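Please look through the model shown here with its helix packing and its nonpolar cores in mind. The paragraphs below it take these topics in turn.

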Amino acid sequence: MEQSYGYSEYQLHAFVAPMQAKFAKNIGSFEAQKLATRAFQAIPKVQYRQAKKVNFKRWSDDFSIGNKSNITGLRYEDGSIIWGKQTRVSKVNPVSQPKKGSIRVPLIIKRNDYYAQVALNNRTKYVRVITREIRGEVRYFAQLVQEGFPPDKSWKKNRIVSGDETKRVGLDVGTSTLAISSEKNVELHELAPECVADNKKLRKIERAMDRSKRATNPNNYNKDGTLKRGVKLAWHFSKRYLRLKTSRKDLH
């Protein structure tokens, strides 16, 4: 019944094809299909009452975009992240260059990141680019999905890797802890123990944000200080509020 009304993941891929054609210089067909898949996966949560509504990203939110292959569109090639049309390789131009509206950015890998260097020896299946706002600056990161198995970390100090493939270990990953169970040992480890939020500083910033928001939007509140309900409110935020918002985000 759902497919008869065009409600399926692949039918949504066909639906976004005409839209993608208008932005073909920047968004490839695979990237558009990936975005359509993410939109489709958000609908069943509302359909089966796992969520009350679908949340749309704001212009100021962190975003990500990925591909479905490493052949066309957004891809990793020769140590660089490539997106868009590139010039052809010739004797005069041995290295392709991005055309107008396209990019070719070298991938920066830390010299001491042995794990990433070993993982790059495998074939790249597809690439995802994400943005993160860190200390008020927008930074871009590339996530490469590699083929095969992840490298072991036997090169780390005090790390022993068994060569016996018959041994089994059970892992139970929680929101803040990791439980490990083997034939001889049972352990419970805290995930990121150093990441402890400064609740006192957070409360101080949030109070300052609330004061700033009330000062710049007095018409959105009743006389008793409560927020007006039942009407669409227009919000205006000061530069101080945006700086406080960035500081609050860094603390989280």
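What follows describes a pair of helices, then the nonpolar cores, and finally a single leucine.

The model is predicted, and a convenient place to begin is the pair formed by helix 4, residues 199-216, and helix 5, residues 239-251, whose axes come within 9 Å and cross at roughly 155°. Because an angle over 145 degrees counts as roughly antiparallel, helix 4 and helix 5 are therefore described as roughly antiparallel to each other, and the crossing in which helix 4 passes helix 5 is left-handed. On the helix 4 side the contact is made by K201, L202, I205, E206, A208, M209, S212 and K213, which meet R240, Y241, L244, K245, S247, R248 and L251 of helix 5. Sorted by class, this contact comprises seven nonpolar, two polar and six charged residues.

In soluble globular proteins, nonpolar side chains tend to be buried together. The largest nonpolar core in this model consists of seven residues, namely I65, L74, Y76, I81, W83, V127 and V129, and the elements that contribute two or more residues to this core are strand 3 (80-83) and strand 5 (124-134). If residues up to four places away in sequence are left out, V127 touches I65, G66, N67, N70, L74, R75, Y76, I81, Q143 and L144. Apart from this core lies another, of five residues, which include A208, M209, Y241 and L244; these four also appear among the residues through which helix 4 and helix 5 meet.

Helix 5 also holds L242, which is partly exposed because its relative accessible area is 45%. L242 and G170 stand 72 residues apart in sequence, and their C-alpha atoms are 45 Å apart in space.

Note on methods: Residues numbered from 1 in each chain as written. Predicted model: local features only at pLDDT ≥ 70, side-chain atom pairs only at ≥ 80, totals over all residues. Heavy atoms only, no water. Axes fitted to C-alpha atoms, helices over the stretch in contact; angles between N-to-C directions. Parallel < 35°, antiparallel > 145°, perpendicular 65-115°, else oblique. Left-handed = near helix turned anticlockwise from the far one by under 90°. Contact = heavy atoms within 4.5 Å. Nonpolar A, V, L, I, M, F, W, Y, C, P; charged D, E, K, R; others polar. Core = buried A, V, L, I, M, F, W, Y, C linked by side-chain atoms within 4.5 Å. Buried < 20%, exposed > 50% of the residue type's maximum accessible area, 1.4 Å probe, protein only.
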